[in-house]
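The exercises below each set a task and then work through a solution step by step. Please keep the sequence and the structure in view while you read.

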Amino acid sequence: MTAARWPLGVSLTSWRYLWRTTPLYRDEVEGSWPEDAPPPLPEAVDREDVQWLADGAGPHFHRRYSVRIEGASVSAEELAAQVMADPDQAAPSEFATFQKLRGDDGELRVNDEFVVRMPGPWDGPVRVASTTPRSFRLVTLAGHLEAGQIEFRASNGELLEFHIESWARSGDRLSELLYDRLRISKEVQFHMWTSFLERVVKLSGGKRAGGLRIHTRKVAELRADR
């Protein structure tokens, strides 16, 4: 069933990527270790099958996606709670879905597990590493395209903001080829998370203030401890 969605999903992704009108502010600079290292895993996280940075290949990418929202009808805590209750609400469903494999529906707890199903050989098993009233963080598991962590976070400032921050490298040499060299999976991933932000804006009841911002720090050499 998933394989049957690959051609349609990739085609829709390419079409929408080419014709999207959302302003994007995207840059990539040189990073450094340990400034761009991921946060440590809390002790309560089950370590079985975790795909650590040391298990991956190629350079490490510390990436931040963000959007500012005006006129929202919810607070940062309420928006985060909506996304945590069902992350699939914000997933671009034509080519990616969050399917919960472990844990109760409607809530999110440490050690709950999902698989993110995408077109192509890019399904991603993840485990919940931490939760707060405004955020949750996932860690990759064996078989994921990447090795690392990703955090989803809402914040209240002058405006409501939503952020996606990831710390990851390719899961293996083939994934590195597809991601950093051929840039195929890199662009699919980029479109997925920017589309996720746009759907979060809709969930908030507000509208996007300005464009989406994507800042990447690439670390060529790293000390990938477990």
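A salt bridge is a side-chain nitrogen of Lys or Arg within 4 Å of a carboxyl oxygen of Asp or Glu. The model used in these exercises is a predicted one.

**Exercise 1. Salt bridges across the chain**

Task: Find which residue forms a salt bridge with Asp36, and state where the two partners lie.

Solution. Begin with the distance: the closest N and O atoms of Asp36 and Arg217 are 2.6 Å apart, and a salt bridge requires such atoms to be within 4 Å. Next, locate the partners: Asp36 sits in the loop between strand E1 (24-30) and strand E2 (57-70), whereas Arg217 belongs to strand E10 (residues 212-219), so that the pair links distant parts of the chain, 181 residues apart. Finally, look at the surroundings of Asp36, which is buried with a relative accessible area of 2%.

Task: Carry out the corresponding steps for Lys207 and Glu70.

Solution. The closest N and O atoms of Lys207 and Glu70 are 3.9 Å apart, and the two residues form a salt bridge. This pair also links distant parts of the chain, with Lys207 in strand E9 (residues 207-208) and Glu70 in strand E2, 137 residues apart. For accessibility, Lys207 is exposed, at a relative accessible area of 52%, while Glu70 is partly exposed, at 31%.

**Exercise 2. From a pair to a network**

Task: Decide whether Glu151 and Arg137 are buried or exposed, and say which network they belong to.

Solution. The side chains of Glu151 and Arg137 meet in a salt bridge, with an N to O distance of 3.5 Å. Because Glu151 lies in strand E7 (residues 146-156) and Arg137 in strand E6 (residues 135-140), their salt bridge ties together parts that are 14 residues apart in sequence. Buried means under 20% relative accessible area, and Glu151, at 14%, therefore counts as buried; Arg137, at 7%, counts as buried too. The pair is part of a network of salt bridges that links Arg64, Arg137, Glu151, Arg153 and Glu165. For the structure as a whole, the number of salt bridges is 14.

**Exercise 3. The nonpolar cores**

Task: Identify which residues touch the most other members of the largest nonpolar core, and which element gives the largest share of this core.

Solution. The largest nonpolar core has 37 residues, and those that touch the most other members are Phe98, Leu138, Phe152, Phe162, Ile164, Trp193 and Phe196. Helix H4 (residues 184-204) contributes the largest share of this core, namely eight residues. Now take Phe162 as one case: leaving aside residues up to four places away in sequence, its contacts include Tyr65, Leu79, Val83, Phe152, Phe196 and Val200. To finish, note that there is a second, separate core of seven residues, among them Val45, Val50, Trp52 and Ala129.

**Exercise 4. One face of a helix**

Task: Work out where the buried residues of helix H2 fall when they are seen down its axis.

Solution. First list the buried residues of H2 (residues 76-85), which are Ala76, Leu79, Ala80, Val83 and Met84. Seen down the axis of H2, these buried residues fall within an arc of 135 degrees, so they line one face of the helix. The general rule behind this step is that an α-helix has 3.6 residues a turn, so residues three or four places apart point the same way.

**Exercise 5. Single residues in their setting**

Task: Describe the setting of Thr194, and then that of Leu212.

Solution. Thr194 lies in helix H4 and, at 0% relative accessibility, counts as buried. Its side chain reaches the backbone oxygen of His191 at 3.2 Å. Leu212, for its part, lies in strand E10 and is buried, with a relative accessible area of 0%. The C-alpha atoms of Leu212 and Leu24 are separated by 5.0 Å, although these residues are 188 residues apart along the chain.

**Exercise 6. Confidence in the model**

Task: State where confidence is lowest and where it is highest.

Solution. Start from the average pLDDT of the protein, which is 85, with 79% of the residues scoring at least 70. Confidence is lowest in helix H1 (residues 2-19), at a mean of 48, and highest in E6, at 98. Over residues 1-8 the pLDDT stays under 50, and for this stretch the model has 13 contacts beyond four places in sequence.

Notes
Residues are numbered from 1 along each chain as its sequence is written. This is a predicted model: local features need pLDDT of at least 70, side-chain atom pairs count only at pLDDT 80 or more; totals for chains, interfaces and linings use all residues. Side-chain values use heavy atoms; hydrogens and water are left out. Helices (H or I, at least four residues) and strands (E, at least two) are DSSP runs, numbered from the N terminus. Buried means under 20% relative accessible area, exposed over 50%, partly exposed in between (1.4 Å probe, protein chains only). A nonpolar core is a set of buried Ala, Val, Leu, Ile, Met, Phe, Trp, Tyr and Cys residues joined through side-chain atoms within 4.5 Å. Contact means heavy atoms within 4.5 Å. pLDDT is the predictor's confidence in each residue, from 0 to 100. A polar contact is a pair of N or O atoms within 3.5 Å; within protein, one must be able to donate a hydrogen and the other to accept it, and residues adjacent in sequence count only if both atoms are side-chain atoms. The arc is that of the directions from the helix axis to the C-beta atoms.
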